[in-house]
Protein chains: 2
Amino acid sequence: METNGEFKEPWKLLSEIAELGDHARLREEAERMGSRECARAISRLNAEEQSQVLQALTPEAVADLMEEISEEQARALIFRLPPGVAARVFDAMRSNTAADLLGGLDFAEIEGLLGRMAPEAAANARILVSYKTDVAGGLMVREFLAYPVTFTTQQVIDDMRLNARKYSEYSIQYSFVTQPDGTLTGVLPLRDLLLAPGDKPITEIMIQRPLSVLDEAPLEELEKFFEEHAYLGVPVVDAKERLIGVVRRTDVQEALGKRANRDYLRSQGIVGGEELRSMPVLTRSARRLSWLSVNIGLNVLAASVIAFYQDTLESVIALAVFLPIISDMSGCSGNQAVAVSMRELALGLVKPIDFLHVWFKEASVGIINGLALGVLLGSVAWLWKGNPYLGLVAGGALALNTLLAVCIGGLLPLLVKRLKFDPALASGPILTTITDMCGFFFVLSFATVALGRLT
Amino acid sequence: METNGEFKEPWKLLSEIAELGDHARLREEAERMGSRECARAISRLNAEEQSQVLQALTPEAVADLMEEISEEQARALIFRLPPGVAARVFDAMRSNTAADLLGGLDFAEIEGLLGRMAPEAAANARILVSYKTDVAGGLMVREFLAYPVTFTTQQVIDDMRLNARKYSEYSIQYSFVTQPDGTLTGVLPLRDLLLAPGDKPITEIMIQRPLSVLDEAPLEELEKFFEEHAYLGVPVVDAKERLIGVVRRTDVQEALGKRANRDYLRSQGIVGGEELRSMPVLTRSARRLSWLSVNIGLNVLAASVIAFYQDTLESVIALAVFLPIISDMSGCSGNQAVAVSMRELALGLVKPIDFLHVWFKEASVGIINGLALGVLLGSVAWLWKGNPYLGLVAGGALALNTLLAVCIGGLLPLLVKRLKFDPALASGPILTTITDMCGFFFVLSFATVALGRLT
């Protein structure tokens, strides 16, 4: 895009056209960008400009945009539209995307929208929204093909040919076979339909008693299912074994990706939901502060250990230099062990009961690394003040605290998980509070004992 | 599994049977467990027991196991087997899994194995192993279907029926159409083959000029491709546009997952490759130490600021309590901003040139959170010693350093990425070194100025 011979950033371009109110040109530019680039550009516009752009686009194009952005952003954007237009966008969305967005609204808002939507789309969304988002019923799509047991292969192929356009949005690698009461009785892979010669009852070529998951199956179970089976999707049945949807591998992977990302953000102190810089500054501040204010309390607690040793510190002021080093290094060593445990928990290589195994493995690393780091820091201390006892105090404290930190770091995620808390969230701050307190205690109490040699 | 009425952990069970040398029973138990559980159990056995179990299983079963464990583990395990048996396992693996494992070996080892493998499997592996692992050529599978342009739909269906067993391991949702010189000219979706009535040349129903990626396309390009197109796979062509393989969506997602995981481990200080507790203790120590020894250097550097203010510290020993608090809190605030930037970079919401935008967004949060945390810590300091000036020094230093930390934290990943380093690896330690130095400087220099009021 060139204007006056210079490149213009997409969001600036959209912003300028929005100001002119030129809807035809907005639609044209948005199409040229593609939905991903367009989503990125829109996130940089102000509320007024965003409404302009969204109203210029077709409901289908807005629905495509919604797939590209985070749920919170999508929800904020779509409700800038008049309710009737928003309902058309929901009609055009895949059933599980629509349900995800509806899930964040209150009852009256949901009903208001569903009442305006096309009957079939509304009925589908109504079913999905009745489930939690992280179970099969909430992750499934309602767009699937099912044929009665009485059909023949030719009847299926005829129906597919007749409805080719409608089905083009479906994933028809499998179609399903159901009893009159809706019970799932078979699966008909597309390839078997193709490879079967002649016209015959589908019951002859279908796979009987197909694998399925219950609508209440949690994400972990679906993850395991797709790890064990190389399928693109799995049928979802209700308690009465009636087929109600299909969970696709891609939706499970997306949900797992979201969760992993939430875990990463949490481990770095972004708690209570995803943060994007397009959110209001007070929301962002408040979310970060909720975490920081807990942390500052823990920090004051840990540092209070230092207050008990003011006399020792006053005599050997050089110790003040080593306190932050020991605190930070033990935190690092401990966090390495936390990361390995989180990883091994995720891979299923350790279970929350494997305390002894993890403790033994970490203690061996802790002894080696503690000695190495202790000797390093001890030498620095000795050389700096020319006092070998200062080296012994600083190095010894670091060595001991490193051993402690890796053992606690390795075991904490197991313990936190066993107590049903979130290890990504809680492991870090608990770890550093304990290692800070112990580290300060070691260095200052060793110094108190060796006070005569240090001054 | 019950023995004497009590549950036995799978690895203990395998270990006991391995000791008896009962291969038939090992095979039976391994099959009962399924490859995932079995992989987990094997990782807990010693080298001798592992060889026993692997030799008891069929090559196909070992190949399935290799899909369940990390590459390093797989490589270590498979070379416990006699070379001839290892070659049979490689024959049974999917071509890209085989190539991944071969990739970690030296030239002589690779050739030794390839020479023993079945000719077709060896030829496939040889092609894949010539590419880097994170480009299309290294990620693709060689198992795909291609038909000459001269074929008719019936000829294709006949071939599929004839070779149904062989192709059952292929992903045949698409087959490809090639010119006599191997150039890719069309794609034949399975559904179109099914829906097309009668026998006709495949050129009539194929999709012409299909999308494809070059063999040297990096992972980022493949990620973008699958985000923009809802395909299960994309054909890979070489510089002469000859079809050489197919990259499947699942392989790209797996590679992205591996990278995200590597990023997480790196951000926590596990550098130079994945760590599993089944690795030798010295390897694990050395990997963790390589990171810690850089970090201790940075820590000593940061703490050296304190050494310059020993006189001030000696006069107001209470300051020593606040140094670790300010260091840790600024690190936390900064890491929150790092996490948000890493996330926005990954989503493509910011680019490495968006400095001003990020700086402005972070500064607003930094002012609010800096004030909030500063007032909090200042009040604690005031109440503790009953000296409002101590509160001003500690609170003011934390407020200012929080603002600095979130700005640096937000910008660092952009800068590091622009300089072509790995932001997951470098952002954390650079951030904390700077914020430690500045934090120590603020609190101690403020105290030096206000020294008369503090003592």
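Phe176(A) stands opposite Val187(A) in strand 5 of chain A. The two strands involved here, strand 4 (residues 174-178) and strand 5 (residues 184-189) of chain A, are antiparallel and share five bridges; strands, like helices, are DSSP runs numbered from the N terminus, with at least two residues (E) for a strand and at least four (H or I) for a helix, and two strands pair if DSSP finds at least two bridges between them. This is a predicted model, in which local features need pLDDT of at least 70, side-chain atom pairs count only at pLDDT 80 or more, and totals for chains, interfaces and linings use all residues. Residues are numbered from 1 along each chain as its sequence is written, while chains are lettered from A and ligands numbered from 1 in the order in which they are written.

Step back to the sheet around that pair. In chain A, four strands make an open sheet with the order 3-4-5-6 and mixed pairing. Strand 3 (146-148) and strand 6 (207-208) of chain A are the edges, each with a single partner strand, so one side of each has no neighbour in the sheet.

Now follow strands 4 to 6 in chain B. Strand 4 (residues 174-178) and strand 5 (residues 184-189) of chain B pair in the antiparallel sense through five bridges, with Pro189(B) as the bridge partner of Tyr174(B). These two strands of chain B form a hairpin with five residues between them, and Gly182(B) in the turn has a positive phi of about 90°. On to strand 6 (residues 207-208) of chain B, which pairs with strand 5 of chain B in the antiparallel sense over two bridges; there Ile207(B) is the bridge partner of Val187(B).

A second stop in chain B is strand 8 (residues 233-237), where five of five residues are buried, that is, each has 20 or more other C-beta atoms, placed from the backbone, within 10 Å of its own (12 or fewer would be exposed, and in between partly exposed). In a regular strand the side chains alternate between the two faces of the sheet. Here Gly233(B), Pro235(B) and Val237(B) cover one side, Val234(B) and Val236(B) the other, and all are buried. Strand 8 of chain B pairs in the parallel sense with strand 7 (residues 213-214) of chain B over two bridges, and Leu214(B) stands opposite Val237(B). With strand 9 (residues 243-248) of chain B, strand 8 runs antiparallel over five bridges, and Leu243(B) is the bridge partner of Val237(B) there.

Finally, look at how the chains meet. The contact takes 77 residues from chain A and 77 residues from chain B, where contact means C-beta atoms, placed from the backbone, within 7 Å. On the side of chain A that touches chain B, helix 20 (residues 319-347) of chain A gives the largest share, 17 residues. One residue to pick out is Leu323(A): leaving aside neighbours within four places in sequence, Leu323(A) is in contact with Ile306(A), Phe440(A), Val443(A), Ala320(B), Leu323(B) and Pro324(B).

As for symmetry, a turn of 180° and a shift of 0.0 Å along the axis lay chain A on chain B with an RMSD of 0.1 Å, superposed by least squares on the C-alpha atoms of residues with pLDDT of at least 70 in both. That is the relation of a two-fold axis. The same surface serves both copies, as 100% of the contact residues of chain A recur in chain B.

Note on methods:
Contact = placed C-beta atoms within 7 Å.
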